[in-house]
Amino acid sequence: DRIVELAPSILPCDFGRLGEELQALEEAGVDRIHWDVMDGVFVPNITIGAPVVASCRRYSSLPFEVHLMIIDPERYVGEFIDAGCELITVHAEATRHLHRTLGLIKSLGARAGVALNPATPLSAVEHVMDELDVLMIMSVNPGFGGQHYIESMDAKILAAVALREATNPSVKIEVDGGVSEETIAGCVMNGAQILVSGSALLAHRDNLGQAVNHFHQLAT
Ligand code: DX5
Ligand code: ZN
């Protein structure tokens, strides 16, 4: 796989034509699909559940990652794996037993990720780095697309890379929120390996292929 992967968020997609939207994204050359699942409790918004992901599975051959912005995510990791997600990312702030939840995800055969809200220190994952496949740094406060990238997260990305190097070099660093033409180069320079983009990428829905190429170029 590429050095830096581009994972479009489904949030700006037309939820009435998700299958076609996924086909267009795959056609345009994105690397994986980022499903933003919200429960209206952990974040002040509700999106979709596992049945929607499952019904979209046959419209795409790309890897599906799910970003669970829900409380007590351990209740649903199995459903999202059955729906066809290979990477399950939970919020450290949303479960009382993060180490156990990561073990559950791995025991079910998926890769495990942890997302940290902007204010949450990296120390929240310090003792589970060996259980992680992906560490996702939120560069916006979760719940909505189209927000501005929080500049101070640049330093947190750098620190996340240092933590990875010091504990488990196989962990990939992902950045989610406000990733656009203006912020991609900085993210990648600081060590981001998977970039989530929603509004900035889908703003170019009329020439998606060209936009994906441009985003990939900015990320090299
Ligand atoms: C926010 C989501 C992000 C968001 C990204 O809660 O986790 O994935 O949809 O969208 P943009 O790129 O518009 O910030
Ligand atoms: Zn997300």
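Is His67 buried or exposed, and what is its relative accessible area? Select it and see: His67 is buried, with a relative accessible area of 0%. Keep in mind as you look around that this is a predicted model.

**Stop 1: His67 and its surroundings**

Stay on His67, which sits in strand E3. Show what surrounds the residue, leaving out anything up to four places away in sequence, and you will find that His67 touches His34, Trp35, Asp36, Val37, Thr89, His91, Ala115, Met136, Met138 and Asp176. Now turn on the side chains of His67 and His34: a polar contact of 3.4 Å runs between them.

**Stop 2: His34**

Follow that contact across to His34, in strand E2. His34 counts as buried, at 1% relative accessibility. Beyond its neighbours within four places in sequence, His34 is in contact with Ala7, Pro8, Ser9, Ile10, Glu65, His67, Met136, Glu174, Asp176 and Val196. The side chain of His34 is worth keeping on screen. Besides the contact with His67, there is a polar contact of 2.9 Å with the side chain of Asp36 and another of 3.2 Å with the side chain of Asp176.

**Stop 3: the four residues together**

Next, select His34, Asp36, His67 and Asp176 as a group. An unreviewed UniProt entry places the feature "binding site" at these positions. They span 143 residues in sequence, yet no two of their C-alpha atoms are more than 10.5 Å apart, so they gather at one spot. From this group, Asp36, His67 and Asp176 belong to the lining of the largest pocket.

**Stop 4: the two aspartates**

Narrow the selection to Asp36 and Asp176, which the unreviewed UniProt entry lists under "active site". Here the span in sequence is 141 residues, but their C-alpha atoms are no more than 10.5 Å apart, so this pair gathers at one spot. Both Asp36 and Asp176 are included in the lining of the largest pocket.

Centre on Asp36 first. You will find Asp36 in strand E2 (residues 33-38). How accessible is Asp36? Its relative accessibility is 4%, and Asp36 counts as buried. Setting aside neighbours within four places in sequence, Asp36 is in contact with Ser9, Ile10, Leu11, Thr47, Ile48, His67, Met69 and Asp176.

Then move to Asp176, in strand E7. Asp176 also counts as buried, with 7% relative accessibility. Not counting residues up to four places away in sequence, Asp176 touches a set of residues that includes His34, Asp36, His67, Met136, Ile137, Met138 and Val196.

**Stop 5: the longer binding-site list**

Widen the view with a second selection. For "binding site", the unreviewed UniProt entry also lists Ser9, His67, Gly143, Phe144, Gly145, Gly146, Asp176, Gly177, Gly178, Gly198 and Ser199. The lining of the largest pocket takes in Ser9, His67, Gly143, Phe144, Gly145, Gly146, Asp176, Gly177, Gly178, Gly198 and Ser199 from this set.

Two loop residues make good places to pause. Phe144 lies in the loop between strand E6 (134-138) and helix H5 (153-167). Phe144 is partly exposed, with a relative accessible area of 43%. Apart from neighbours within four places in sequence, Phe144 is in contact with Leu11, Met38, Pro44 and Asn45.

For the second pause, pick Gly178, in the loop between strand E7 (172-176) and helix H6 (184-189). Gly178 is partly exposed too, at a relative accessible area of 27%. Which residues does Gly178 touch, not counting those up to four places away in sequence? They are Val140, Gln147, Tyr149 and Thr183.

**Stop 6: an aromatic pair**

Finish with the rings. A search of the whole structure finds one aromatic pair. Select Trp35 and Phe64 to see it: the arrangement is edge-to-face, with 5.4 Å centre to centre and 70° between the planes. The pair links distant parts of the chain, joining Trp35 in strand E2 to Phe64 in strand E3 (residues 64-69), 29 residues apart. Trp35 is buried, with a relative accessible area of 0%, and Phe64 counts as buried at 0% relative accessibility. Before you close the viewer, add Arg57 to the selection: Arg57 lies over the face of Phe64, at 3.6 Å from the ring centre.

Key: Residues are numbered from 1 along each chain as its sequence is written. Chains are lettered from A and ligands numbered from 1 in the order in which they are written. This is a predicted model: local features need pLDDT of at least 70, side-chain atom pairs count only at pLDDT 80 or more; totals for chains, interfaces and linings use all residues. Side-chain values use heavy atoms; hydrogens and water are left out. UniProt positions are given in the numbering used here, feature names are shortened, and annotations may be inferred rather than shown by experiment. On a 1 Å grid over the protein atoms alone, a cavity is a set of points where a 1.4 Å probe fits but cannot get out, and a pocket is an open set with protein on both sides within 12 Å along at least five of seven lines; lining residues have an atom within 4 Å of a point. Helices (H or I, at least four residues) and strands (E, at least two) are DSSP runs, numbered from the N terminus. Buried means under 20% relative accessible area, exposed over 50%, partly exposed in between (1.4 Å probe, protein chains only). Contact means heavy atoms within 4.5 Å. A polar contact is a pair of N or O atoms within 3.5 Å; within protein, one must be able to donate a hydrogen and the other to accept it, and residues adjacent in sequence count only if both atoms are side-chain atoms. Rings of Phe, Tyr and Trp (its six-membered ring) pair if their centres lie within 6.5 Å; planes under 30 degrees apart count as stacked, over 60 as edge-to-face and the rest as tilted. A charge sits over a ring if NZ of Lys or CZ of Arg is within 6 Å of the ring centre and within 35 degrees of the ring normal.
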